[in-house]
Amino acid sequence: MKNSNRKTSLIGVLIATIALVFIVLTAGQLFMVTNYSNKSTGKSYGENCTEITQAYSMMLTNRLNMYIREIRTYVDADIVQSLDNDKIIAWMCARNERKSSNIDAMYFVTLDGTAYRDDGTIADFRNEEFYKAIAIDGSYQYVSNPKMDEVIKKPIFYVAHVLIVNGKKLGIFAGVYPLSTMQKMVSDIQLGETGNAWMLDGNGTVISYPEYGYSMKKNFIADLSNDHADLKQIAQNMTARKIGSGWIKSLTSDERLFVTYAPVHNAPWSIGFNISESQIYSAGHSIRKIMLISFGVIVVVLLLITGLLLFSLLHPLKKVEQTINEIASGNANLTKRISISSNNEIGAIVVGFNRFTEKLQSIVSELKKSQITLSSAGDILAKTTEASADAIENIKDSIIETTSGIQEQTDGINETSTAVNEIASNITSLEKMITNQVAGVTEASSAVEQMIGNIDSVTNTVEKMVGSFNILSESARDGYQKQSGVNEMLLKIESDSKLLLEANQVIANIARQTNLLAMNAAIEAAHAGEAGKGFSVVSDEIRKLSENSTIQSSTIGERLEHIRASIEEVVAASKQSSEAFSTVENGIKNTDELVQLIQNAMAEQKVGSSQIIEALRDMNDSSSEVSSASKEMAQGNQLILEQVERLKSSADRMQAFINLMDSNTKQIDKSSSELIDIATKVGETIGQISSQIDQFEV
């Protein structure tokens, strides 16, 4: 409740609004400037880091190229032209003191993997990386991945070159170089406070890293957890000799690092360069701090200037407030006016307020004049209301007496109507019962007549069935007789086919005998010599004719066998058909006897149905006479009911009219009571208005 009545300072609201708008606009501007600065700085750092990484990759490549050139001085020496490995090894050992200071030791490795050191010791290098690359894979030169030297316990790497003279491969010159030189070159690479470089070998093992303890001990592909999957992915890209960049999580903190990477040529190594996110966006952070400070100063200065200006402009409103409070307190003196000489919007408000006060003064003066007239009108209204209330009470008493007389008449009419309705209800029930009886007799007559018609239809159908069964029986007998004739013909054909088979067998025997005679004739013709040549030709023709007869006889026999088998099947089917005809004929006889019985029963049913229809017609005539008498009683009773209903309707209308008068009287009585209350309230209101108007001094 205290907060709702607390006075609000207009100057404070305006200053707070201006400050809020300025802060929102400033925050938006600060966000856009910082975002643009971060993007621009990030892009610039990304390009610079990529160029730095590639530049240092080239620097390391140049150092390796220098090492390769140092090994080539051995390959290009004159002694190799001797093609004698022993002389070459002796020469290499002789210049041990004069070798490059970069080289810790020199080896000459024969093609079988035996390594001769320049200090005279011998080792087996068949498992060394550079030996496999040159001797087996056919490379000309090779820089190996670093390894820990078991003797000096320091990391080293080999720079090897094949020795070929006149197209013949003699062996491999390999120099041992300390890894510390390359590590120092990488560790010396720095940019700002956090930018530094690191290097991996071809397997992902760390060659050099700014964090202590990682070099030659940690593998970024095999030893990293899933929390550093981003660094593991970059390590895989580096071992695949790709060029690229990306963001990773620092191994020692939660800070994000931007990484660029590139391969080192002539070696299976890759160099990476990382810089922290805070260093990349440090320029944006500095700009944001400067802008925040400058914006804070601007806000303070702006609020001071705005406050002073608003105070000077709104100070005249204090005088307006004092004058209004004076008018509102005491006797509400409407004769007071505000005098301010400001020629601005506040001056215009004061002029408007003075005009409003003058107008209010004239209105209150008129209200005071109307006060006396309103008081006398209230007295007259109260007296008239009391007289109306007395008249309404008299009307209510008359209506109550009339209502009681009409109610007695209505009760008598209702009793008469109830008795007449009961009589009408009984007559109606009787009429319905008679009607239902007539309808039942009519339906029974129709059903019996329909049943007689159905009996006639069934009788006709049975007679037709009798005729059809007679025809069917004759047809079955005829079919049985014809089937018997067919059976006899088939039996005759079967006996004829047997005779044909026997005749064909005789023909076959004759053909065989003829063939034997032809053969004998040919033999005799051969015995006769020249004289039997003609007879020999005749015997050959007879023999050919016999062979053809034999073939045809065999074919005819096969056909006759097929015909005989078919005839036997037809004979069997014919016997089954005869048996079926006999069964059908017996069934037709039995069915014909049943149809005759049905025909006799339907004739007897028709006679009984005719007797039932005659009895129903007599009953229908009696029901019609009773129904006519019942209808006459119902019509007379209906006239009585109509007269009673008219009388009841008149009584109801009179009762409704009296009820309406009673309702209107009650409404008038209610309105009169309300009018009395209103007159009382008007009197009270007039008194209150008088007391309020009297407070104004006009």
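1. A residue counts as exposed when its relative accessible area is over 50%, as buried when that area is under 20%, and as partly exposed in between. K184, at 52%, is therefore exposed. The model discussed in this note is predicted, and the points below should be read with that in mind.

2. K184 is one half of a salt bridge: its side chain meets that of D188, with an N to O distance of 3.0 Å. D188 has a relative accessibility of 49% and so falls in the partly exposed class. A search of the whole structure gives eight salt bridges, and two others are taken up next.

3. The side chains of R72 and D76 form a salt bridge at 3.8 Å, N to O. Both partners are partly exposed: D76 has a relative accessibility of 47%, and R72 has 32%.

4. E128 and K147 also meet through their side chains in a salt bridge, here at 3.1 Å from N to O. This pair links distant parts of the chain, 19 residues apart: E128 sits in the loop between β3 (122-124) and α4 (129-136), while K147 belongs to strand β5 (residues 147-148). Is E128 buried or exposed? E128 is buried, because its relative accessibility is 14%. K147, at 32%, is partly exposed.

5. The loop between β3 and α4 also holds R126. With a relative accessible area of 48%, R126 is partly exposed. Leaving aside residues up to four places away in sequence, R126 touches D112, G113, Y131 and K132. For one of these contacts, D112, the C-alpha atom lies 7.4 Å from that of R126, and the two residues are 14 apart along the chain.

6. G113, one of the residues touched by R126, lies in the turn of the β1 and β2 hairpin and has a positive phi of about 95°. Three residues separate the two strands of this hairpin. Strand β1 (residues 105-110) and strand β2 (residues 114-117) run antiparallel and are joined by three bridges. Within this pairing, Y116 of β2 is the residue opposite F108.

7. Strand β2 is also joined to β3, again by three bridges and in the antiparallel sense. A115 has A123 of β3 as its bridge partner. The hairpin of β2 and β3 has four residues between the strands, and G120 in this hairpin takes a positive phi near 95°.

8. Strand β1 has a further partner in strand β7 (residues 168-178), with six bridges in the antiparallel sense. In this pairing V109 stands opposite I172 of β7.

9. How many of the six residues of β1 are buried? Six of the six are, and the strand is described as mostly covered. In a regular strand, side chains alternate between the two faces of the sheet. For β1, both faces are covered: A105, Y107 and V109 are buried on one side, and M106, F108 and T110 are buried on the other.

10. The largest nonpolar core contains 41 residues. Which residues have the most contacts inside it? They are L64, F157, L163, F173, M182 and W269. Helix α2 (residues 10-75) supplies the largest share of this core, with nine residues. A second core, separate from the first, has 16 residues, among them Y209, L231, V259 and Y261.

11. Not every nonpolar side chain is covered: I293, V297, V301 and I305 form a nonpolar patch on the surface, with about 380 Å² of accessible area together. I293 is located in helix α8 (residues 282-314). The relative accessible area of I293 is 59%, which means that this residue is exposed.

Definitions and conventions:
Residues are numbered from 1 along each chain as its sequence is written. This is a predicted model: local features need pLDDT of at least 70, side-chain atom pairs count only at pLDDT 80 or more; totals for chains, interfaces and linings use all residues. Side-chain values use heavy atoms; hydrogens and water are left out. Patches are made of residues with over 30% relative accessible area and no salt bridge: like charges are joined within 9 Å, nonpolar side chains (Val, Leu, Ile, Met, Phe, Trp, Tyr) within 5 Å. Accessible areas come from the Shrake-Rupley method with a 1.4 Å probe; for residues, only the protein chains shown count as cover. A salt bridge is a side-chain nitrogen of Lys or Arg within 4 Å of a carboxyl oxygen of Asp or Glu. Buried means under 20% relative accessible area, exposed over 50%, partly exposed in between (1.4 Å probe, protein chains only). A nonpolar core is a set of buried Ala, Val, Leu, Ile, Met, Phe, Trp, Tyr and Cys residues joined through side-chain atoms within 4.5 Å. Two strands pair if DSSP finds at least two bridges between them. Contact means heavy atoms within 4.5 Å.
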